[in-house]
Amino acid sequence: MKELMEKLEEQNLTIADYGTIIKVIQASLQRGSIRADECTTVGKLHDKLQIMIQKQIKENDNAGLSKTDN
C-alpha cells in the first residue's frame, strides 16, 4: 500500500511542474511551434497555470502563518 501511495504522489503536479510547463509554452511560442489559431487556447492554459502557481504559493504562505513555533 505504501508503494502505491508513493507512486500516486509522484503523479501529482507540483508548483515546479507548473513552472516548467509555462517555460515550455514560452519556448514553443518563441520558436514558432504554435500556430496563430492555437494561441488563444495555449494562452488560456498559460493563464490557468499562472493562477495555480499563485494560489499554491498563497496557500503555502497561509499554512506557514498558521503554524506556531514552540
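A helix, as the word is used here, is a DSSP run of H or I with at least four residues, and helices are numbered from the N terminus. The exercises below concern a predicted model.

**Exercise 1. Determine in which helix Ala-16 is placed, and whether Ala-16 is buried or exposed.**

Solution. Step 1: Ala-16 has its place in helix α2. Step 2: the relative accessible area of Ala-16 is 52%. Step 3: the cut-off for an exposed residue is over 50%, and Ala-16 is therefore exposed. Step 4: a distance may be added to this description. Ala-16 and Asp-61 are 45 residues apart along the chain, and their C-alpha atoms are separated by 16 Å.

**Exercise 2. Describe the helices and strands of the protein chain, and decide how its radius of gyration stands to the globule rule.**

Solution. Step 1: the protein chain contains 3 helices and 0 strands. Step 2: along the sequence, the pattern reads α-α-α. Step 3: the radius of gyration is 17 Å, whereas the globule rule gives 11 Å for 70 residues. Step 4: since 17 Å is well over 11 Å, the protein chain is more spread out than a compact globule. Step 5: the extent of the C-alpha trace along its principal axes is about 55 × 35 × 15 Å.

**Exercise 3. State what share of the residues is buried, and what area the protein chain exposes.**

Solution. Step 1: the share of residues that count as buried is 16% of the 70 in the protein chain. Step 2: the exposed area of the protein chain is about 6,200 Å². Step 3: carbon and sulfur atoms supply 54% of this area.

**Exercise 4. Identify the residues of the largest nonpolar core and the elements that give two or more residues to it.**

Solution. Step 1: the largest nonpolar core has 7 residues, namely Tyr-18, Ile-22, Ile-25, Ile-34, Val-42, Leu-49 and Ile-53. Step 2: two or more residues of this core come from each of the elements α2 (15-30) and α3 (39-66). Step 3: one core residue, Ile-53, may be examined further. With neighbours within four places in sequence left aside, Ile-53 is in contact with Ile-15, Tyr-18, Gly-19 and Ile-22.

**Exercise 5. Classify Ser-28, His-46 and Gln-50 as buried, partly exposed or exposed, and describe the surroundings of each.**

Solution. Step 1: the cut-off for a buried residue is under 20% relative accessible area. Step 2: Ser-28, which is found in helix α2, has 19% relative accessibility and therefore counts as buried. A polar atom of the Ser-28 side chain lies 2.8 Å from the backbone oxygen of Val-24. Apart from neighbours within four places in sequence, Ser-28 is in contact with Ser-33 and Ile-34.

Step 3: His-46 belongs to helix α3. Its relative accessibility is 17%, so His-46 counts as buried. Beyond neighbours within four places in sequence, His-46 is in contact with Ile-22, Ile-25 and Gln-26.

Step 4: Gln-50 also lies in helix α3. Because its relative accessible area is 30%, Gln-50 is partly exposed. The C-alpha atoms of Gln-50 and Arg-31 are separated by 21 Å, and these residues are 19 residues apart along the chain.

**Exercise 6. Find how many salt bridges there are, and which residues their network joins.**

Solution. Step 1: the cut-off for a salt bridge is a side-chain nitrogen of Lys or Arg within 4 Å of a carboxyl oxygen of Asp or Glu. Step 2: Arg-35 and Asp-37 form a salt bridge, with their closest N and O atoms 3.3 Å apart. Step 3: Glu-38 forms a salt bridge with Arg-35, and here the closest N and O atoms are 3.3 Å apart. Step 4: through shared partners, these salt bridges join Arg-35, Asp-37 and Glu-38 into one network. Step 5: the count comes to 2 salt bridges.

Step 6: the accessibility of the partners completes the solution. Arg-35 and Asp-37 are both exposed; for Arg-35, the reason is a relative accessibility of 52%. Glu-38, by contrast, counts as partly exposed because its relative accessibility is 26%.

Notes: Residues are numbered from 1 along each chain as its sequence is written. This is a predicted model: local features need pLDDT of at least 70, side-chain atom pairs count only at pLDDT 80 or more; totals for chains, interfaces and linings use all residues. Side-chain values use heavy atoms; hydrogens and water are left out. Buried means under 20% relative accessible area, exposed over 50%, partly exposed in between (1.4 Å probe, protein chains only). A nonpolar core is a set of buried Ala, Val, Leu, Ile, Met, Phe, Trp, Tyr and Cys residues joined through side-chain atoms within 4.5 Å. Contact means heavy atoms within 4.5 Å. A polar contact is a pair of N or O atoms within 3.5 Å; within protein, one must be able to donate a hydrogen and the other to accept it, and residues adjacent in sequence count only if both atoms are side-chain atoms. The radius of gyration is taken over C-alpha atoms; the globule rule is 2.2 Å times the number of residues to the power 0.38. Accessible areas come from the Shrake-Rupley method with a 1.4 Å probe; for residues, only the protein chains shown count as cover.
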